[in-house]
There are 2 protein chains.
Amino acid sequence: MSVAHDTVNKIIADVLTKQKIERVWFVGCGGSLTGFWPGKYFLDCEANHLAVGYMTSNEFVHATPEAVGKNSVVILASQQGNTAETVEAARVAQQKGAATIGLVYTPETPLCKYSDYTINYQWARYPEKVDPAQQKAAYSLWLAVEILKQTEGYACYDAMISAFSQFAGVVNHAQQQVKEDALRFAEQWKDEKVIYMMGSGPSYGAAHQESICILLEMQWIHSASIHSGEYFHGPFEITEPGTPFILLQSAGRTRPLDERAIRFIERYQGKLQCIDVEKLDIAALPASVKEYFCGLLHNCVLDVYNLALATARNHPLTTRRYMWKVEY
Amino acid sequence: MSVAHDTVNKIIADVLTKQKIERVWFVGCGGSLTGFWPGKYFLDCEANHLAVGYMTSNEFVHATPEAVGKNSVVILASQQGNTAETVEAARVAQQKGAATIGLVYTPETPLCKYSDYTINYQWARYPEKVDPAQQKAAYSLWLAVEILKQTEGYACYDAMISAFSQFAGVVNHAQQQVKEDALRFAEQWKDEKVIYMMGSGPSYGAAHQESICILLEMQWIHSASIHSGEYFHGPFEITEPGTPFILLQSAGRTRPLDERAIRFIERYQGKLQCIDVEKLDIAALPASVKEYFCGLLHNCVLDVYNLALATARNHPLTTRRYMWKVEY
């Protein structure tokens, strides 16, 4: 059993010695919320009885759902473990009787104080240094899978465990594979003033994350995320020749939604960068579960594109106007 | 009993003669999805047992949640009743055994065919011609309230009914009140190339709707929606003197999140248009439920701002590049 598997397996088993699990909330801020997308999407698709929530921490604190209570699990994340709203959300959840699971990169930080269980995930600015199956977003999927397995049961559990064990190989290969394309992309996109991120199903979270954490936050490029299916119901009117879209094409059941958006953008000559997991060997994973790894794989290859873009723009990913610098 | 109250009361009572209601999905595209925000937010806050979903139609069709079945209600909307993905979503939901409730403006349209119950809502380009309590978004709240009342019970039900009966008065007064400000806004904002929409809690849906349906779709202005709480976790880095933000300030429990964002934008000299429901007599509604009307009120006063903006830009709200014009 891998470290991650053993960790989540024991946590959920222990929770279930103390309470039922009927409701699960994923709670965090920014990239620590969007990192939960893979777990949320999995449960939205697969759960028959569990109820699933996904909320930014301060909304959870101020408009705490009535249902949070002793049959709930609240899963929270904070890279440094000190995001004030997330620490407070964990305290509120605990006070209402929920089990709290805190994901942090930096151990023994304030979030841990209000977490019944703590998971230390791996992270690095240089992606090759981490095990992709032990990153924050991967843990959201691990937790979702274990919760489903240990409550309702999950027929594809073995395939899922097998996929996790193969995932590092897929990621490492994909990151090598996109290196050249990332350099070309960076050169051709470095002067864009607005970039739309698109995706659907398992990869919508990665699209939203790229928009808020990389383009807006780290590159100061105007950006919005548009669901590939929603595109046709309003946002597509912004498309004219040259309008820039990055589309994260998934290998899941919503792939036809991505394909339709691609056809439209190409027809009306938008500027399109497509990152297609089908071309990045996602098919090496078991067919029954590969869909759930699309967003995780997109996250990992975007690391390569982002570093290339930041370099080409001479705007390092660590540059900030406000974060870590001013009170807010 | 008002027409709307009578309609939803009978529909939900009838559903419950045939099945239990354990899960509710709101399904639509574009403004017909965001219009469901008031109902979704209400149930997210108040429900103890119900599970709530909110999905764009084509994702519902392709990645249909396992849990959709005979204890589910699926609520769908389409203005003309002919949005292909939404019609198909209703068919899929029915086939899986769920009760379907279709909201349409145009009666006897394809969505009605797959709706066990149909609601004809009011709509008009000129807002003063409709009863705000019978608009699409208001029906999402009506349905949510009746479902909660008739399943788990809802302590503030009488206050809610009373608020609905007063709502037209609040809206009419607010629409008069903002007329002058809308003209000033339109003049000062007509040349903006990018506008960010912000909101939280009950009004986040209205902020998102304004971004996708008005700014992107009807005005071809680049736009994204940012949750007031999420702003500080990435997106705020885009703020510099003059960056344009429209913030829909709610009177709900998440108002402190809006206030914090306003303070930050003002401090760093962003260009800010705040639409504060506290200044638009939302307090005329019973305190226990007024929060749930914030998004509806924002929708209604935005109608006034949007007409003024479109006029100042000489870009009518009906102008389209693609919709109704090309196949897609």
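This dialogue goes through sheets, helix packing, backbone angles and a chain contact in a predicted model.

Trainee: How do I read a sheet, and in what order do the strands of chain A stand in the open sheet?

Mentor: Strands of a sheet pair through backbone hydrogen bonds, either parallel or antiparallel. In chain A, 5 strands make an open sheet with the order β2-β1-β3-β4-β5, and their pairing is parallel. The edges are taken by β2 and β5 (117-120) of chain A, each having a single partner strand, so one side of each has no neighbour in the sheet. From one strand to the next, the twist averages 15 degrees.

Trainee: Over how many bridges do strand β1 and β2 of chain A pair?

Mentor: Strand β1 (residues 23-28) of chain A pairs with β2(A) in the parallel sense over 6 bridges. To find the register, take A:V24, whose bridge partner in β2(A) is A:V52. Toward the other edge, strand β4 (residues 99-104) of chain A and β5(A) are paired in the parallel sense over 4 bridges. There A:L103 has A:I119 of β5(A) as its bridge partner.

Trainee: Is strand β2 of chain A enclosed or open to its surroundings?

Mentor: Count its buried residues. A residue counts as buried when 20 or more other C-beta atoms lie within 10 Å of its own. In strand β2 (residues 51-56) of chain A, 5 of the 6 residues are buried, so the strand is largely enclosed by the rest of the structure.

Trainee: Which elements of chain A supply at least two residues each to the side that touches chain B?

Mentor: The contact takes 49 residues from chain A and 50 residues from chain B. On the chain A side, the elements that each supply at least two residues are α3 (37-46), β2, α4 (57-62), α10 (204-218), β7 (222-227) and α11 (255-267). By class, the residues on this side are 23 nonpolar, 16 polar and 10 charged.

Trainee: Which strands of chain A does helix α5 lie across?

Mentor: Helix α5 (residues 84-95) of chain A lies across β1, β3 (72-78) and β4 of chain A. Relative to β3(A), the helix runs at about 165 degrees.

Trainee: What describes a pair of packed helices?

Mentor: Two packed helices are described by the angle between their axes and the distance between the axes. For helix α9 (residues 179-189) and helix α12 (residues 294-313) of chain A, the axes come within 8 Å and cross at roughly 40 degrees. That angle makes α9(A) oblique to α12(A). The crossing of α9(A) and α12(A) is right-handed. Residues of α9(A) in the contact include A:L183, A:F185 and A:W189, and those of α12(A) include A:V304, A:Y305 and A:L309. The contact of α9(A) with α12(A) comprises 10 nonpolar, 1 polar and 2 charged residues.

Trainee: At what angle do the axes of α10 and α12 of chain B cross?

Mentor: The axes of helix α10 (residues 204-218) and helix α12 (residues 294-313) of chain B cross at roughly 30 degrees and come within 9 Å. Angles under 35 degrees count as roughly parallel, and α10(B) and α12(B) are therefore roughly parallel to each other. Their crossing is right-handed. From α10(B) the contact residues are B:G205, B:A206, B:E210 and B:I214, and from α12(B) they are B:G295, B:H298, B:N299, B:L302 and B:N306. By class, this contact of α10(B) with α12(B) has 3 nonpolar, 5 polar and 1 charged residues.

Trainee: What sign does phi have in most residues other than glycine?

Mentor: Most residues other than glycine have a negative phi. A:E108 has a positive phi, near 55 degrees. A:E108 sits in the loop between β4 and α6 (110-113) of chain A. With 11 other C-beta atoms within 10 Å, A:E108 is exposed. In chain B, phi of B:D281 is also positive, near 60 degrees. B:D281 lies in the loop between β9 (271-276) and α12 of chain B. B:D281 has 17 other C-beta atoms within 10 Å and is partly exposed.

Trainee: How many residues of helix α3 of chain B are buried?

Mentor: In helix α3 (residues 37-46) of chain B, 8 of its 10 residues are buried, and the helix is mostly covered. Among the buried residues are B:W37, B:Y41 and B:F42.

Terms used
Residues numbered from 1 in each chain as written. Chains lettered and ligands numbered in written order. Predicted model: local features only at pLDDT ≥ 70, side-chain atom pairs only at ≥ 80, totals over all residues. Axes fitted to C-alpha atoms, helices over the stretch in contact; angles between N-to-C directions. Parallel < 35°, antiparallel > 145°, perpendicular 65-115°, else oblique. Left-handed = near helix turned anticlockwise from the far one by under 90°. Contact = placed C-beta atoms within 7 Å. Nonpolar A, V, L, I, M, F, W, Y, C, P; charged D, E, K, R; others polar. Buried ≥ 20, exposed ≤ 12 C-beta atoms within 10 Å, placed from the backbone. Pairing = 2+ DSSP bridges.
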